[in-house]
Amino acid sequence: MSNLETNSVEERCESHPDGGGIQVLGSREVPLGGPRAMPVRRTLPQRERSLIGAWCFADHYGPDDVGNTGGMNVPPHPHTGLQTVSWLFTGEIEHRDSIGSHAMVRPGELNLMTAGRGIAHSEVSTPQTRILHGAQLWVALPASAQDADPAFETYAPDPVELDGATVRVFLGSTAGSTSPVRTFTPLLGAEILLEPGADVTLDIQRGFEVGVLVDEGEVQLRGTTVRWAELGYQPPGESLVALRNTGGTRARLLLLGGEPLGEQVIMWWNFLGRSHEDIVGYRREWQSELRGAAPANPRFGTVEGYDGDPLPAPELPNSRLKPRG
């Protein structure tokens with residue numbers, strides 16, 4: 001997914017740390033996806049927190065009535081230095097990329113694209129989609145894997161039924177379930193449904209920091225309330241995540257965790273690199289490919305099958321880009 005808000009890491013969101021170390025991060029609405037930009041709620045990155053483990057970007061959208069809004073239509077655009085994680089609650093999205101992948105993103109099924117040294121892709125909600133609702137997440141690759149080969153894979157985790165809760169683990173391990181999907185740093189990603197009044201305690205690696213992104217209802221994370229479209233942050237040091245639904249309706253959330261990356265990164269538009277010069281070079285190469293002046297082995301390549309033009313990169317700011325994390 002294309003990030004149109006190029007200065008996202010410099011924006012301010014509401015942040016409420018409690019005495020027990022839980023931080024609650026608010027969201028803001030931003031446009032995403034080119035000329036027919038659809039609104040999404042962004043909780044990561046922001047001034048107070050750039051990374052949770054290697055998770056560096058979290059957008060949450062819908063339920064969106066496609067008949068009224070036109071749905072998602074993100075033209076081909078580039079990525080470097082990261083993995084994109086697509087997770088739907090409702091609807092269907094057609095994914096195409098420049099390494100030849102063509103897949104449908106469906107509810108309950110992980111679609112993970114590794115950009116590595118460079119890839120381009122498009123995302124379009126399908127004609128049969130009526131309501132579009134989901135999350136788009138990015139994972140920063142460590143410096144050692146920044147130039148990894150691009151790749152794409154899907155995985156549909158089996159639900160784990162607990163007392164009052166259903167857990168689908170799409171990355172990493174918890175609740176007795178382990179995802180086979182490869183990551184380049186230790187990560188955790190899961191969808192959790194909590195019935196009214198239910199509470200669940202999940203095991204995590206002690207070195208993990210975790211985020212809880214609430215999609216429906218509200219939950220308590222270790223006693224701190226996290227409401228709809230907010231992200232609760234638990235710092236490293238715990239081996240458990242304790243969640244409770246104190247509301248009268250079902251709650252749904254995404255649990256995102258991982259070992260602190262321990263590296264600084266620069267995110268600008270759809271690129272992730274380690275220096276200002278990295279980003280300048282990626283932008284120059286993408287613009288060159290759009291003009292038809294790409295070398296014999298282009299970094300990003302061509303997305304076949306999309307009806308329309310690729311997205312040009314926005315102008316870089318006049319000042320140097322600053323690392324975060």
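Start by selecting Arg 274, which is partly exposed at 21% relative accessibility (buried means under 20% relative accessible area, exposed over 50%, partly exposed in between, with a 1.4 Å probe and protein chains only). The model is a predicted one, in which local features need pLDDT of at least 70 and side-chain atom pairs count only at pLDDT 80 or more, while totals for chains, interfaces and linings use all residues. Residues are numbered from 1 along each chain as its sequence is written, and side-chain values use heavy atoms, with hydrogens and water left out.

Now add Glu 263, also partly exposed, at 26% relative accessibility. The side chains of Arg 274 and Glu 263 form a salt bridge, 2.4 Å from N to O (a salt bridge is a side-chain nitrogen of Lys or Arg within 4 Å of a carboxyl oxygen of Asp or Glu). Arg 274 sits in the loop between strand 27 (271-273) and helix 2 (276-290), and Glu 263 in the loop between strand 25 and strand 26 (266-268), so the pair ties together parts eleven residues apart in sequence. Helices (H or I, at least four residues) and strands (E, at least two) are DSSP runs, numbered from the N terminus.

Next, select His 276, in helix 2. This histidine is buried, with a relative accessible area of 13%. Leaving aside neighbours within four places in sequence, His 276 is in contact with Ile 266, Ser 319, Arg 320 and Leu 321 (contact means heavy atoms within 4.5 Å). Show the backbone of Leu 321: its nitrogen lies 3.0 Å from a polar atom of the His 276 side chain. For a long view, draw a line from His 276 to Thr 126; their C-alpha atoms are separated by 37 Å, and the two residues are 150 apart along the chain.

Then go to Arg 250 and Glu 216. Their salt bridge has its closest N and O atoms 3.2 Å apart. Arg 250 is in the loop between strand 24 (240-244) and strand 25 (251-258) and Glu 216 is in strand 20 (residues 209-216), so the pair ties together parts 34 residues apart in sequence. Arg 250 is partly exposed at 31%, as is Glu 216 at 23%. Add Asp 215 and Arg 252 to the selection: with Glu 216 and Arg 250 they are linked in a network of salt bridges.

Finally, colour residues 191-288, where UniProt (unreviewed entry) places the feature "domain: Pirin C-terminal". UniProt positions are in the numbering used here, feature names are shortened, and annotations may be inferred rather than shown by experiment. This stretch is 13% helix and 47% strand, with its end C-alpha atoms 40 Å apart.

Technical notes. A polar contact is a pair of N or O atoms within 3.5 Å; within protein, one must be able to donate a hydrogen and the other to accept it, and residues adjacent in sequence count only if both atoms are side-chain atoms.
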